[in-house]
Amino acid sequence: MKENKGFDSTIEKLARSTASKTGRRGFIGKLGGFIVGAGLLPLLPVDRRGRMKEANATTTGTMGREGFQPQDQDTQACDYWRHCSIDGNLCDCCGGTLTSCPPGTELSPSSWVASCYNPGDQQTYLIAYRDCCGKQTCGRCNCLNTEGELPVYRPEFSNDIVWCFGADNDAMTYHCTISPVVGKAS
Amino acid sequence: MTTKQRPLKNGQYKTRLAASLTFAAVLAGGSHLALAGGAVPTQLGTEATLELMDTPVILDAPDSDAKRVYVLDAGGFHMTSTYYTIDGNESKLLGMTDAGKLPHMMLGDNGKFMAIASTMYSRVARGTRDDYIEIIDAKTHKPIADIDIPEGRFLTQVIQRLASLSTDDRHILFQQFSPSPAVGLVDLEKESFVKMMPIPDCYHLFPVPDQKFFMHCRDGSMLEVSYDDEGNTQQTNTKVFHGENDFLFNNPYYSNKTGHLVWPSTAGRIFQAKLSESGAEFLEPFDVFTAEQKADKWAPGGWQPVGYHKDRNEIYLLADQREKWTHKLTSRYVFVVDGTTGEQLRRIDMGHEINGIAVSQDAEPYLFASSPGAQTLYTFDAVSGEELGQVDELGRAPVLIYLPE
């Protein structure tokens, strides 16, 4: 058996010290108080404003006349790098994700494209924006980004078109937009 | 629903309109008796139907003039839209007109009627799509005709020139993008859709007399189209009038009456054309901003960034100091330049974030400016630049401004 006299003696001293200061009744009483207190804790008034703010996040990262300044941390902000040419609502804020549509919508197979710079790896990627359709406009995280965006007579680069062509059920109604990557732009 | 009264020619307008409204009144009176949902509930006591000392009436809007303004709030890409009717002289709201998703308004007969092309769905945002054109009397704001069209309207953020009346108000043209590019032809006198006329990859509609119109093609040329009453066309392209990298805004200025097209690029270069039944005459383009101003990053920006006053030959360009690729963001200034030489005449500091402008065509013109962020229409003296008035609480995000010619 391996000897560890230092550790044993420390534990022994701690146990004797605790025993000399507390009785079993005192320990049980304190334990009961803790359990009851823990049960009452949720009933106490709590400032939940921080959580509400998180749940109802207002649109952030809106582009100004100074131009698009991409970041690579917050996908729900307008200035997230993949959103460089989105004019509409981020599906990430509407029950979907960066690359998935919210429940009950229809995903369009057609898209407009843009080249967006990722400051995280300093690479430029081709993004094919796709609209999720078949429901009323989401309205949350409304972004107006126009990096490389072209007029309607160059439709493949225009974000002003309802890009619901080919969606199931002929749903030509815009709900929100996702930002999937096609690949690195050469 | 289709009613069969229609004011399209000036001579027929009042007679047909009166007949239409009489018919509608009889219909409305009868429906009160027949439809339980709209009738006064029988269980209501006399308090709910007391006779009044006052006499409520339904007003008519005054006759349209050069400063009659219509402002569209499409709510972004919302399923329903609202056109606000405003007396621009007094900055007073006169009434509203409902429309569907991403509608197109066309003002006809010197502003006496509105034609509004709309799209609705049977179950709000899904179900059966229904495209139609309503003709609305500008005084009563009541529909006087309803024309069914194929479900092919090109649905984009609202662009004025994707639908148009012909110059004689006899036809309506509307653009289709999918499944193939085409222009829909509507006969207003017969109140019926005629045909989808196939066209190549061209956009916008600029009508000229003699059943002709022009479109703008992606190669920078114009497509000249003539059509007969059955929708048979003849098409030919003009020369290329702008470069591939001159990106033109989605909402140019165009007059159905004069055929004058003013079309700025996002860099501030002005392209102009005089369009007529004889063809297209392209004017020499010019830059609004000097080299020094360009170095200071002055450039146009907004959704409806250009206006024009015919008699003064002045171009109004919405602009601000901005980085490249911010061309759809708001601006705070209007540069007024000579329509021939491009000389800068004055600069109006509006003091608001403005997305769209339009200029009345009368002798003392007003500059109207819309702010989606403030949901407000501002009015300025177009010559002095003085702010004269504003109308606020215009829905969710008012964008396009329409003025009668």
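Strands here are DSSP runs of E, at least two residues long, and they are numbered from the N terminus. Everything in these views comes from a predicted model.

**Figure 1. Chain B as a whole.** Chain B holds two helices and 30 strands. Its radius of gyration is 22 Å, close to the 22 Å that the globule rule gives for 405 residues, so chain B is as compact as a globular protein of that length. Taken along the principal axes, the box filled by its C-alpha atoms is roughly 75 × 50 × 40 Å.

**Figure 2. How far to trust each chain.** For the model overall, the scores are ipTM 0.90 and pTM 0.86. Chain B averages a pLDDT of 93, and 91% of its residues score at least 70. Residues 1-34 of chain B are a stretch to treat separately: the pLDDT there is below 50, although the model still gives this stretch 44 contacts beyond near neighbours in sequence. Chain A averages a pLDDT of 82, with 69% of its residues at 70 or more. Over residues 40-56 of chain A the pLDDT stays under 50, and the model has zero contacts for them beyond four places in sequence.

**Figure 3. Where domain 1 of chain B meets domain 2 of chain B.** Chain B splits into domain 1 (1-26 + 100-240) and domain 2 (245-405). The C-alpha centres of these two domains of chain B are 25 Å apart. Across the boundary, 20 residues of domain 1 are in contact with 16 residues of domain 2. On the domain 1 side, the elements that give two or more residues are β4 (104-108), β12 (202-208), β13 (212-217) and β14 (221-227) of chain B. The largest share there, three residues, belongs to β12(B). By type, this side of domain 1 breaks down into 11 nonpolar, five polar and four charged residues.

**Figure 4. The contact between chain B and chain A.** Here 31 residues from chain B face 31 residues from chain A. On the chain B side, β6 (126-137) and β23 (314-321) are the elements that give two or more residues. Sorted by type, the chain B side has 13 nonpolar, 10 polar and eight charged residues.

**Figure 5. The open sheet β8-β9-β10-β11 of chain B.** Four strands line up in that order, and the pairing is antiparallel. β8 (163-165) and β11 (192-198) of chain B stand at the edges with a single partner strand each, so one side of each is left without a neighbour in the sheet. On average, neighbouring strands of this sheet are turned by 20° against each other, direction ignored. Zoom in on β10 (residues 182-187) of chain B and you find six bridges to β11(B), in the antiparallel sense. Which residue of β11(B) is the bridge partner of Asp187(B)? That would be Ser192(B).

**Figure 6. A cis peptide bond in the loop between β9 and β10 of chain B.** Pro179(B) is found in this loop, with β9 covering 171-176. The peptide bond leading into Pro179(B) from Ser178(B) is cis, and its omega is near 10°.

**Figure 7. A positive phi at His141(B).** This residue is found in the loop between β6 and β7 (143-149) of chain B. Phi of His141(B) is near 60°, a positive value in a residue other than glycine.

**Figure 8. The β18-β19 hairpin of chain B.** Two residues are what the hairpin uses to join β18(B) to β19(B). β18 (residues 269-276) and β19 (residues 279-282) of chain B pair in the antiparallel sense over four bridges. What does Ser276(B) stand opposite in β19(B)? Look across to Gly279(B).

**Figure 9. The open sheet β26-β27-β28-β29 of chain B.** This one is also made of four strands in the order given, with antiparallel pairing. At its edges are β26 (356-359) and β29 (387-391) of chain B, each pairing on one side only. Direction ignored, the average turn between neighbouring strands of this sheet is 20°. Further in, β27 (residues 366-371) and β28 (residues 376-381) of chain B are joined by six bridges in the antiparallel sense. Among the residues to pick out is Tyr366(B), whose bridge partner in β28(B) is Asp381(B).

Methods
Residues are numbered from 1 along each chain as its sequence is written. Chains are lettered from A and ligands numbered from 1 in the order in which they are written. This is a predicted model: local features need pLDDT of at least 70, side-chain atom pairs count only at pLDDT 80 or more; totals for chains, interfaces and linings use all residues. Two strands pair if DSSP finds at least two bridges between them. Axes are lines fitted to C-alpha atoms, for helices over the stretch in contact, and angles run from 0 to 180 degrees between N-to-C directions. pLDDT is the predictor's confidence in each residue, from 0 to 100. Two residues are in contact if their C-beta atoms, placed from the backbone, lie within 7 Å. Domain bounds come from an automatic or database domain assignment. Ala, Val, Leu, Ile, Met, Phe, Trp, Tyr, Cys and Pro count as nonpolar, Asp, Glu, Lys and Arg as charged, and the others, Gly among them, as polar. The radius of gyration is taken over C-alpha atoms; the globule rule is 2.2 Å times the number of residues to the power 0.38.
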